[in-house]
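Let's go through this one by asking how each label is earned. Have a look, then read on.

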Amino acid sequence: LISYVRAEAACAAKSLKYALEQLDYTVYLDVHEIKGGNDWQDSLNEAISTCSFFIPLVTPNYGETLWTNREIKLADVLGKNIIPVSFISEWPPKCLAIQL
């Protein structure tokens, strides 16, 4: 599962999804997997609960938005393998120091 702030990393998320699929990984990306009429919150919760790897694209506002903060905390609580991809110079970001 790729987690990201849409306004900051939508293109990077799509590119990473494509690259991982070329290596035969199945990748959950919200804009491709959540279908109209489905509850997007339930869909995200289910995807995080069942994913093997959680990949946050850590941009300046990642973890500061309500949903990215919830997503990474759920992944952490569930003991998911978290593989951050950083787009920032400060590491770890203050808002994510506990999870990463």
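Q: In which sense do β2 and strand β3 (residues 81-82) pair, and over how many bridges?
A: They pair in the parallel sense over two bridges. Strands pair if DSSP finds at least two bridges between them, so the label fits. Strands here are DSSP runs of E, at least two residues long, and helices are runs of H or I, at least four, both numbered from the N terminus. One bridge partner to look for is Ile82 in β3, which sits across from Phe54.

A word on the source: this is a predicted model, where local features need pLDDT of at least 70, side-chain atom pairs count only at pLDDT 80 or more, and totals for chains, interfaces and linings use all residues. Residues are numbered from 1 along each chain as its sequence is written, and side-chain values use heavy atoms, with hydrogens and water left out.

Q: What makes strand β2 (residues 53-58) largely enclosed?
A: Five of its six residues are buried, so the rest of the structure largely encloses β2. Buried means under 20% relative accessible area, exposed over 50%, and partly exposed in between (1.4 Å probe, protein chains only).

Q: Which residue of β4 is the bridge partner of Val58?
A: That's Ser86. Two bridges join β2 to strand β4 (residues 85-86), and the two run parallel.

Q: Why does Glu71 have no salt bridge?
A: A salt bridge needs a side-chain nitrogen of Lys or Arg within 4 Å of a carboxyl oxygen of Asp or Glu. For the buried Glu71, the nearest side chain of opposite charge, Arg6, is 8.3 Å away, so the cut-off isn't met. Lys and Arg count as positive, Asp and Glu as negative; His and the chain ends are not counted.
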